[in-house]
Amino acid sequence: FGQYKKLVNRYDEAVTGKHILYGGLNGRTEATGFGIVYFAECMLKANGEDMKGKNVVISGFGNVAWGTALKLDELGAKVIAFSGPDGYILDEAGVSGEKVAYMIELRNSGKNICQPYADKFPGSKFIAGKKPWEVKADLYIPCAMQNDIRLEDAKNIVASGAKFVCEGANMPTTNEALEYLMDNGIIVGPCKAANAGGVACSCIEMGQNAGHTVFSPEQVHAQLKDIMVNIHDSAAAAAEEYGLGYNLVAGANIAGFLKVAGAMMMQGAV
């Protein structure tokens with residue numbers, strides 16, 4: 001946890017020029033990334049696998065990607081590639097420790113490029129003008145933008161032999177690519193479920209404020225993990241109940257619909 005605190009402090013300094021000492025929710029900055037990893041961890045466990053030792057490819061180097069890389073490193077996975085608008089970084093030694101911290105500096109440089117990472121860490125490589133989905137990995141987590149994974153990228157992911165894609169950005173996979181992934185046995189964690197960590201922390205902050213208290217980062221992350229596990233389990237249970245097996249895309253849609261419909265009926269709206 002000491003390493004986590006140092007990296008978060010470094011983030012605060014990079015963004016504000018000083019530590020954030022008032023207001024808000026401790027742990028909110030990294031919440032979306034952490035939540036994505038908690039969800040992905042549930043996906044792996046549900047299929048008899050563990051996050052530790054997995055090679056992971058992510059996209060982006062901003063807030064969501066940074067939190068994702070930090071939590072993956074903490075759980076013993078290895079981020080071997082991340083991307084920017086200019087191309088992607090391949091670091092087979094793993095993005096960890098000060099390398100994760102450097103993602104913050106890249107984000108706040110104003111240049112919006114990831115190439116300087118390869119200059120700072122000579123063991124890594126910069127591949128210009130391409131996406132990281134051609135890199136062989138166990139798990140892929142797009143954290144950057146909409147329509148990041150297209151059909152050709154999906155074909156590369158399937159060819160890699162991977163089993164898992166967990167969506168971190170909003171709608172990062174095109175419909176065509178999503179269909180191809182699922183038709184070829186890839187388990188997909190849909191963004192509407194997997195990237196709910198930020199919104200979840202808004203709810204946690206409301207609870208904090210209502211209680212006139214201040215939660216520690218440990219308390220926030222414990223609540224966040226419980227929420228993400230519940231979201232995963234609700235989606236998995238809904239898919240199973242309706243005869244769709246372990247289809248988290250369909251399960252998330254069904255579970256979300258049933259929750260809204262149930263609330264509307266209880267309030268007499270329908």
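The radius of gyration is taken over C-alpha atoms, and the globule rule is 2.2 Å times the number of residues to the power 0.38. For 270 residues, that rule puts a compact globule near 18 Å; the chain has 19 Å, which agrees.

This is a predicted model: local features need pLDDT of at least 70, side-chain atom pairs count only at pLDDT 80 or more, and totals for chains, interfaces and linings use all residues. Residues are numbered from 1 along each chain as its sequence is written, and side-chain values use heavy atoms, with hydrogens and water left out.

**Overall build**

The chain has eleven helices and seven strands. Helices (H or I, at least four residues) and strands (E, at least two) are DSSP runs, numbered from the N terminus. Along the principal axes, the C-alpha atoms fill a box of roughly 60 × 50 × 30 Å.

Buried residues make up 49% of the 270. Buried means under 20% relative accessible area, exposed over 50%, and partly exposed in between (1.4 Å probe, protein chains only). The chain exposes about 12800 Å², and carbon and sulfur atoms supply 53% of that area. Accessible areas come from the Shrake-Rupley method with a 1.4 Å probe; for residues, only the protein chains shown count as cover.

Contact means heavy atoms within 4.5 Å. Among contacts between residues at least 6 apart in sequence, 66% join residues at least 24 apart.

**Three helices**

The expected span of a helix is 1.5 Å times one less than its number of residues.

| Helix | Residues | Expected span | End-to-end C-alpha distance |
|---|---|---|---|
| α2 | 31-46 | 22 Å | 22 Å |
| α3 | 63-74 | 16 Å | 17 Å |
| α10 | 217-241 | 36 Å | 36 Å |

Helix α2 is largely enclosed by the rest of the structure, because 14 of its 16 residues are buried. Glycine 48 follows α2, with a positive phi near 75°.

In α3, the buried residues are Ala65, Trp66, Gly67, Thr68, Ala69, Leu70, Lys71 and Leu72. Glycine 76 follows α3; its phi is positive, near 90°.

The buried residues of α10 include Val220, His221, Leu224, Met228 and His232. An α-helix has 3.6 residues a turn, so residues three or four places apart point the same way. Glycine 243 follows α10, again with a positive phi, near 70°.

**Two buried polar residues**

Lysine 99 sits in helix α4 (residues 98-107). Its relative accessibility is 17%, so lysine 99 counts as buried. Leaving out residues up to four places away in sequence, lysine 99 touches Asp91, Ala93, Gly94, Tyr117 and Phe121.

Serine 160 lies in the loop between α6 (151-159) and β6 (164-166). Serine 160 is buried, at 9% relative accessible area. With the same sequence neighbours left out, up to four places away, serine 160 touches Lys136, Ala137 and Tyr140. Glutamate 134 is 26 residues from serine 160 in sequence and 8.1 Å away in space, C-alpha to C-alpha.

**Positive phi outside glycine**

Most residues other than glycine have a negative phi. Asparagine 112 has a positive value, near 55°. Asparagine 112 is in the loop between α4 and α5 (116-120), and at 47% relative accessibility it counts as partly exposed.

Histidine 212 also has a positive phi, near 50°. Histidine 212 is in the loop between α9 (197-210) and α10. Its relative accessible area is 76%, so histidine 212 is exposed.
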